[in-house]
Every structure is written in C-alpha cells, then in structure tokens.
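Reader: I have not seen this one before. Can you put it up so we can go through it?

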Amino acid sequence: MKKFIACTVLGVAALSVATTAAAQSSIEDAIKFRQAGYAFMAWNMGKIKAQVVDGAVPYNKDQVAAAANAIAAIANSGMGALYPAGSDQGTGYNPTRLKSEFFQNMQEVGQIATNFNAAANELASVAAGGDQNAIKAAFGKVGETCKACHDKFRAPQR
C-alpha cells in the first residue's frame, strides 16, 4: 500500500512537471510561430515596397501578386491563436516584444486585427489587377494597420 501511494504521488508530481513544461513549450512555440509569420509577412511587404513604392527593383506583376497573396494568407490564417495568455513573456527566436496591455484590450486588438485582415485582403485583390497606383495605396493601408498594433502593443527593440 505504501508503495502504491508513493508511486501515485511520484506519478502526479511527474505529470505536474510535464504539464508545466508542455504549457511553457506551447507558449514558446506560439511565440516562435507568430514571429516566423510576421517575419515572412515583412519579407513579402519588402518585395512589394521595392517594386511598387521605391522602384528599387523592376515591377513584376506576378511577384507582387504572389507577395500580396502570401500576406493575406497569413493574415487570415488564425494568427490570434498564437497569442495565448502569458505569451507577453518568453522567447521565441527572439524575446517577445508583445506588451502585457495587449491582453487588457482585447476588443481593441480584435478591431485592429479585423482592419489588418481587411487591408491585407484588399491588397491581394488590388495586386491581382496590376494597377501600381492602386497597389501602392492598398500597401499603405496595410502598413497603417501594422503600425496601429505596433504603436499600442509592441515594445521597442531591446
């Protein structure tokens, strides 16, 4: 009987440690996945900026449309799931820059996310048409939605 109780206590303790480690791992994974998603979006934003805004690279309609589609796909992928409670602390590939105020303003966060998704979808739609002036305007709106979130909920680079 003592052996059974000891094994049960040890099993519960081990499960508790494993659960804590799994929870921590999932937060760390969430931070990594969202950092990767935003890095991929930034890379695609850079391709559009270079071709349509700066003119540093010759315009290629297909490349711009593909970049815009990638941004819209990520925006609509359910990125909100990558913001579990507690993910304002921790390290993905880099220390998270998410401010804790994010979790106290979920209605505002939801509105910013809705605006971002709409702007990303509009950019993809406009990019398919190839009108560089329209793409430039839609690109600016996506940038504004990014800035709205960064200004309120993203800490400066450390």
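**Cysteines, helices and cores**

Reader: Start with the cysteines. Why is there no bond between the sulfur of Cys146 and the closest cysteine sulfur?

Author: Keep in mind that this is a predicted model. The closest cysteine sulfur to that of Cys146 belongs to Cys149 and is 8.5 Å away, which is too far for a bond. A disulfide needs the two sulfur atoms within 2.5 Å.

Reader: How many disulfides in the whole structure, then?

Author: The search of the whole structure finds 0.

Reader: And is Cys146 buried or exposed?

Author: In between: Cys146 counts as partly exposed because its relative accessibility is 25%. Cys149 is also partly exposed, with a relative accessible area of 23%.

Reader: Different topic. What caps the N-terminal end of H2?

Author: Asn60 does, with a side-chain oxygen 3.0 Å from the backbone nitrogen of Asp62.

Reader: Why does the length of H2 agree with what a helix should span?

Author: H2 runs over residues 61-75, and its 15 residues at 1.5 Å a residue should span 21 Å. Its end C-alpha atoms are 21 Å apart, so the two agree.

Reader: Which residues of H2 are buried?

Author: Val64, Ala65, Ala67, Ala68, Ala70, Ile71, Ala72, Ile74 and Ala75.

Reader: Which residues touch the most other members of the largest nonpolar core?

Author: That core has 25 residues, and those touching the most other members are Ile48, Val64, Ala68, Ile71, Leu123, Ile135 and Val142. H1 (2-53), H2, H3 (106-129) and H4 (132-153) each supply at least two residues of this core.

Reader: Take Val64. What is it in contact with, leaving aside neighbours within four places in sequence?

Author: Ile48, Gln51, Val52, Tyr59, Ala127 and Ile135. Apart from the largest core lies another, of 6 residues, including Tyr83, Leu98, Ile112 and Phe153.

Reader: On to H4. How far does it reach from its first C-alpha to its last?

Author: H4 reaches 31 Å with its 22 residues, close to the 32 Å expected at 1.5 Å a residue. At its start, a side-chain oxygen of Asp131 comes to within 2.9 Å of the backbone nitrogen of Asn133.

Reader: Which residues are buried in H4?

Author: Ile135, Ala138, Phe139, Val142, Thr145 and Phe153. Seen down the axis of H4, the buried residues fall within an arc of 115°, so they line one face of the helix.

Reader: What is exposed on the other side of H4?

Author: Asn133 and Glu144 are exposed there.

Note on methods
Residues are numbered from 1 along each chain as its sequence is written. This is a predicted model: local features need pLDDT of at least 70, side-chain atom pairs count only at pLDDT 80 or more; totals for chains, interfaces and linings use all residues. Side-chain values use heavy atoms; hydrogens and water are left out. Helices (H or I, at least four residues) and strands (E, at least two) are DSSP runs, numbered from the N terminus. The expected span of a helix is 1.5 Å times one less than its number of residues. Buried means under 20% relative accessible area, exposed over 50%, partly exposed in between (1.4 Å probe, protein chains only). A polar contact is a pair of N or O atoms within 3.5 Å; within protein, one must be able to donate a hydrogen and the other to accept it, and residues adjacent in sequence count only if both atoms are side-chain atoms. A nonpolar core is a set of buried Ala, Val, Leu, Ile, Met, Phe, Trp, Tyr and Cys residues joined through side-chain atoms within 4.5 Å. Contact means heavy atoms within 4.5 Å. The arc is that of the directions from the helix axis to the C-beta atoms.
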